[in-house]
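Please look over the sequence and the model shown here before reading on. The explanation moves from the whole chain to single residues.

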Amino acid sequence: MTAAMGPATLLVLAKEPVPGQVKTRLTPPYTPREAAALAEAALTDTLHTLLRAPVRRRVLVLDETPGPWLPPGFEVAAQVSGVLDERIVGAFGLCDGGPALLVGMDTPQLTADLLSGVGRGGHDACFVPASDGGFWALGPADPARAGSLVRGVPMSTDRTCAVQRLRLTQAGPAFRDLPLSRDVDTAADAAAVAGRYPRTSRFATAMASLAQAVR
């Protein structure tokens, strides 16, 4: 599979949705259990979206243990230890040829149409910035270059996107910068994403259930 045909491998970097260990910035106003329920809904939506993308491999790169939320069709691999840039590099190390795309677990608004366009056109990499100054997807045409592209980029800051984009530009100017999206990190993020997302989605349904519970 070549870069013009889209990603050969889709990677999801995720944590097991355990209360108190995921989406801690949602608490308050949500309890740790409610935040974990939202994280599970977002992750499940993401995984099911990836099932609709025509790729050769789908790999869940997981911190901890898969649960009943994991649908068939995914390989599961453990995350390497270390800070986030090292875990991203480790995830790309699981690829066995062809372009790859890595996404996180907190963009449930991801669509199969967007995934189908990533990697097309012979770009060196695809990059999807996030509104909080980070990024939520990265797709190198050659995953073996991930170390030089990602290692040392400061993660989880308001300058992550700018530094990562500069690194991509310096490595090879032919990268594709896709439209800005929004991570679900805070309660405001969750409300904004749910408000623009189909009501039948797991994430929007979970948000509606929590809203009903506080009435």
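The paragraphs below cover the overall form, then the strands, the helices and some loop residues.

This is a predicted model. The protein contains 7 helices and 7 strands, and along the sequence these follow the pattern β-α-β-β-α-β-α-β-β-α-α-β-α-α. The C-alpha trace spans about 55 × 35 × 30 Å along the principal axes of the protein. A compact globule of 215 residues would have a radius of gyration near 17 Å, and the 17 Å of the protein therefore agrees with that expectation. Of the 215 residues, 49% are buried. The exposed surface comes to about 9900 Å², with 54% of it supplied by carbon and sulfur atoms. Taking contacts between residues at least 6 apart in sequence, 67% join residues at least 24 apart.

A convenient place to enter the fold is strand S1, residues 9-15. Strand S1 is mostly covered, with 6 of its 7 residues buried. It has parallel partners in S2 and S4. Strand S2, residues 57-63, runs parallel to S1 and is joined to it by 7 bridges; in this pairing alanine 14 stands opposite leucine 62. Strand S4, residues 100-103, also runs parallel to S1, and 4 bridges join the two. Here leucine 10 of S1 faces leucine 101 of S4.

The connection from S1 to S2 involves helix H1, residues 32-51. Together S1, H1 and S2 form a β-α-β unit, and its hand is right-handed.

Helix H2, residues 84-92, has a set of buried residues: Asp85, Ile88, Val89, Ala91 and Phe92. Viewed down the axis of H2, these residues fall within an arc of 160 degrees, so they line one face of the helix. The general reason for such spacing is that an α-helix has 3.6 residues a turn, so residues three or four places apart point the same way. What lies over the buried residues of H2? The cover includes the strands S1, S2 and S4, as well as strand S6 (135-140) and helix H4 (146-150). Strand S1 thus appears again, here as part of the cover of H2.

Helix H6, residues 187-195, can be read in a similar way. Its buried residues are Asp189, Ala190, Val193 and Ala194. They cover an arc of only 125 degrees around the axis, which means that they sit on the same side of H6.

The loop between S1 and H1 holds several residues to examine. Proline 28 lies in this loop, and the peptide bond leading to it from threonine 27 is cis, with omega near -15 degrees. Proline 29 lies in the loop between S1 and H1 as well. The bond from proline 28 to proline 29 is also cis, with omega near 10 degrees.

Tyrosine 30 is placed in the loop between S1 and H1 too. Is tyrosine 30 buried or exposed? Its relative accessible area is 17%, and because the limit for a buried residue is under 20%, tyrosine 30 counts as buried. Apart from neighbours within four places in sequence, tyrosine 30 is in contact with Ala35, Leu38, Ala187, Met207 and Leu210. One of these contacts, alanine 187, is 157 residues away along the chain, yet the C-alpha atoms of tyrosine 30 and alanine 187 are separated by 7.9 Å.

The loop between S2 and strand S3 (75-78) contains proline 66. Proline 66 counts as partly exposed because its relative accessibility is 37%. Its C-alpha atom and that of glutamate 16 are separated by 6.6 Å, although the two residues are 50 apart along the chain. Glutamate 64 is found in the loop between S2 and S3 as well. It is not a glycine, but its phi is positive, at about 95 degrees. With 51% relative accessibility, glutamate 64 counts as exposed.

A positive phi also occurs at serine 156, where the value is about 60 degrees and the residue is again not a glycine. Serine 156 lies in the loop between H4 and helix H5 (160-171). Its relative accessible area is 71%, so serine 156 is exposed.

Methods. Residues are numbered from 1 along each chain as its sequence is written. This is a predicted model: local features need pLDDT of at least 70, side-chain atom pairs count only at pLDDT 80 or more; totals for chains, interfaces and linings use all residues. Side-chain values use heavy atoms; hydrogens and water are left out. Buried means under 20% relative accessible area, exposed over 50%, partly exposed in between (1.4 Å probe, protein chains only). Two strands pair if DSSP finds at least two bridges between them. A crossover is right-handed if, with the strands pointing away from the viewer, the path from the first strand over the helix to the second runs clockwise. The arc is that of the directions from the helix axis to the C-beta atoms. Contact means heavy atoms within 4.5 Å. The radius of gyration is taken over C-alpha atoms; the globule rule is 2.2 Å times the number of residues to the power 0.38. Accessible areas come from the Shrake-Rupley method with a 1.4 Å probe; for residues, only the protein chains shown count as cover.
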